[in-house]
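Please open the model in your viewer and keep the sequence panel beside it. The stops below say what to select next and what is there.

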Amino acid sequence: MLLPITLTLAAASALLNFWLATRCARLRVGEKVLHGDGGNPLLGKRIRAHANFIEYAPITLILFALVELALGASIWLWVAALIFIVGRVGHAFGMDSDKPSIGRMAGILLTWAVMLGMAVTALYAAYTGTRELPAPPALAAHA
């Protein structure tokens with residue numbers, strides 16, 4: 001299978017995105033808010049939690065796909081994907097609080113750690129390979 005980790009992470013991200021959206025939608029319906037946050041502080045926090053996910057998920061998914069294509073699937077990549085999702089869930093719950101929270105802080109730190117780790121790994125893959133253009137491990141098996 002091509003890119004099993006990225007496919008799993010993309011599916012988990014889509015489900016998480018749906019969950020974040022429904023958290024906002026339930027409040028919107030309950031408070032009869034069509035646009036913005038309607039002055040509801042909890043809705044404002046949930047909108048930001050959803051937007052924050054949308055800000056970080058795309059680049060992280062792109063990095064996962066490219067690293068998995070370049071280096072192949074590995075246990076550390078599975079672990080990084082799990083850490084990313086756990087961090088994003090923690091962040092979402094932490095955003096509901098009116099005070100600084102462990103969930104929010106841990107969520108963003110885990111997200112940053114995974115994103116930066118994937119960026120460094122992508123640079124490593126790009127600049128430590130040979131000048132040849134071999135098939136990526138995920139594609140080599142299909143050749």
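Begin with the whole chain in cartoon view, where the secondary structure comes to five helices and zero strands, running α-α-α-α-α from the N terminus on; helices here are DSSP runs of H or I with at least four residues, strands are runs of E with at least two, and both are numbered from the N terminus. This is a predicted model, in which local features need pLDDT of at least 70 and side-chain atom pairs count only at pLDDT 80 or more, whereas totals for chains, interfaces and linings use all residues. Residues are numbered from 1 along each chain as its sequence is written, and side-chain values use heavy atoms, with hydrogens and water left out.

Now colour the chain by accessibility, taking buried as under 20% relative accessible area, exposed as over 50% and partly exposed as in between, with a 1.4 Å probe and protein chains only. Buried residues make up 34% of the 143 residues. The chain exposes about 8,600 Å², of which carbon and sulfur atoms supply 72%; these areas come from the Shrake-Rupley method with a 1.4 Å probe, and for residues only the protein chains shown count as cover. If you display contacts, meaning heavy atoms within 4.5 Å, then among those between residues at least 6 apart in sequence, 72% join residues at least 24 apart.

Next, select helix 3 (75-94), which has 20 residues and reaches 28 Å from its first C-alpha to its last, close to the 28 Å expected at 1.5 Å a residue; the expected span is 1.5 Å times one less than the number of residues. Its buried residues include Leu77, Phe84, Ile85, Arg88 and His91, and the buried residues of this helix pack against helix 1 (4-31), helix 2 and helix 4.

Move on to helix 4 (102-128), whose 27 residues reach 38 Å from the first C-alpha to the last, close to the 39 Å expected. Here Gly107, Ile108, Thr111, Val114, Met115, Met118 and Thr121 are buried, and what covers them includes helix 2 and helix 3.

Then select threonine 60 in helix 2 (residues 41-71). Is threonine 60 buried or exposed? Its relative accessible area is 0%, so threonine 60 counts as buried. Its side chain reaches the backbone oxygen of tyrosine 56 at 2.8 Å, and, leaving aside neighbours within four places in sequence, threonine 60 is in contact with Phe84, Val114 and Met115. Two of the buried residues of helix 4 therefore appear again in this view, Val114 and Met115. The C-alpha atoms of threonine 60 and threonine 6, which are 54 residues apart along the chain, are separated by 9.9 Å.

For the surface stop, show Leu71, Ile75, Trp76, Trp78, Val79, Leu82, Ile83, Val86, Leu110 and Tyr124, which form a nonpolar patch with about 940 Å² of accessible area together. Patches are made of residues with over 30% relative accessible area and no salt bridge, with like charges joined within 9 Å and nonpolar side chains (Val, Leu, Ile, Met, Phe, Trp, Tyr) within 5 Å. Helix 3 and helix 4 each supply at least two residues of the patch, and the largest share, seven residues, comes from helix 3. Leucine 71, by contrast, is found in helix 2, and with a relative accessible area of 38% leucine 71 is partly exposed.

From there, go to valine 33 in the loop between helix 1 and helix 2, which counts as buried at 10% relative accessibility. Valine 33 touches Arg28, Gly38 and Leu43, not counting residues up to four places away in sequence.

Finally, show the charged side chains. A salt bridge is a side-chain nitrogen of Lys or Arg within 4 Å of a carboxyl oxygen of Asp or Glu, and by this rule the count comes to four. Select aspartate 96 and arginine 23, whose side chains meet in a salt bridge at 2.5 Å, N to O; aspartate 96 lies in the loop between helix 3 and helix 4 and arginine 23 in helix 1, 73 residues apart. Arginine 23 is buried, with a relative accessible area of 4%, whereas aspartate 96 is partly exposed at 22%. Add arginine 46, which meets aspartate 96 in a salt bridge at 2.9 Å, N to O; arginine 46 lies in helix 2, so this pair ties together parts that are 50 residues apart in sequence. Elsewhere, arginine 48 and glutamate 55 meet in a salt bridge at 3.2 Å, N to O. With these displayed, Arg23, Arg46 and Asp96 can be followed as one network, joined by salt bridges that share partners.

How values were computed:
A polar contact is a pair of N or O atoms within 3.5 Å; within protein, one must be able to donate a hydrogen and the other to accept it, and residues adjacent in sequence count only if both atoms are side-chain atoms.
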